[in-house]
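Reader: I am new to this structure. Please show it, and then I will ask about its pockets and its sheet.

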Amino acid sequence: MTGSPYTVSDVMTHTVVAVGRDAPFKDVVRLIGEWKISALPVLEGEGRVVGVVSEADLLPKEEFRDSDPDRFTQRNRLADLARAGALTAGDLMSSPAVTVHADATVAQAARVMAQLKLKRLPVVSDEGMLEGIVSRVDLLKVFLRTDEELAEEVGREVVARLFPDPPEPVRVEVADGVVTLTGRIRNASLVPVAARAVRAVEGVVDVEFRLADGSAGPLGAAAAG
């Protein structure tokens with residue numbers, strides 16, 4: 001119904017800080033601190049992503065620095081104990097890396113991050129070569145679209161298609177990302193459809209309706225469904 005959704009390529013960062021498998025532990029810590037990032041892709045060859053080192057992967061080194069893990073910890077945190085003794089990025093990294101393609105939608109990337117509780121995803125080509133990085137903050141850039149942009153897209157892609165010949169013009173107003181549709185329409189059953197279509201527009205925070213049915217009178221906001 002609406003225009004093409006925003007993709008990862010629209011919001012990702014193209015300049016990426018990455019390391020090779022043999023990068024020493026302290027270099028990984030230094031890069032994460034200097035660039036104020038939460039994770040680094042680990043590359044091999046000409047730039048193929050083979051893993052990711054995150055802040056969480058580094059912490060066991062300090063956590064177990066002066067402790068003797070009990071049997072329960074030894075059984076249940078083998079990976080963390082291995083990382084506590086790691087010397088290189090290859091030893092520290094989580095592998096295989098969770099990645100995303102540039103043509104994935106912002107919504108798809110957001111679902112992966114939410115489900116796996118990740119803060120950043122390497123963006124890779126079909127061959128697994130690093131093309132960029134996308135973070136939670138990057139995915140939120142869609143909400144920086146102006147109210148004018150949103151009003152234009154909603155009017156063009158939703159109102160013009162669903163309500164092409166209304167008894168009176170359907171007006172689109174947007175304030176801080178909240179879309180309000182006002183006017184009179186012929187078919188009230190299209191309001192829930194319009195609600196879903198408006199919310200599908202990237203950057204829309206919510207939608208409200210102040211519409212009237214051409215025959216039945218006013219329709220409340222509850223009709224949005």
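Reader: By class, how many residues of each kind does the lining of the second largest pocket have?

Author: This is a predicted model, in which local features need pLDDT of at least 70 and side-chain atom pairs count only at pLDDT 80 or more, while totals for chains, interfaces and linings use all residues. Residues are numbered from 1 along each chain as its sequence is written, and side-chain values use heavy atoms, with hydrogens and water left out. Ala, Val, Leu, Ile, Met, Phe, Trp, Tyr, Cys and Pro count as nonpolar, Asp, Glu, Lys and Arg as charged, and the others, Gly among them, as polar. By these classes the lining of the second largest pocket has ten nonpolar, one polar and two charged residues.

Reader: Which helix gives the most to the lining of the second largest pocket?

Author: A pocket is an open set of points on a 1 Å grid over the protein atoms alone, where a 1.4 Å probe fits, with protein on both sides within 12 Å along at least five of seven lines; lining residues have an atom within 4 Å of a point. Helices are DSSP runs of H or I with at least four residues, strands runs of E with at least two, numbered from the N terminus. With three residues, the one that gives the most is helix 7 (residues 106-116).

Reader: Why is strand 3 largely enclosed by the rest of the structure?

Author: Buried means under 20% relative accessible area with a 1.4 Å probe, protein chains only. Strand 3 is largely enclosed because, of its seven residues, the number buried is six.

Conventions
Buried means under 20% relative accessible area, exposed over 50%, partly exposed in between (1.4 Å probe, protein chains only).
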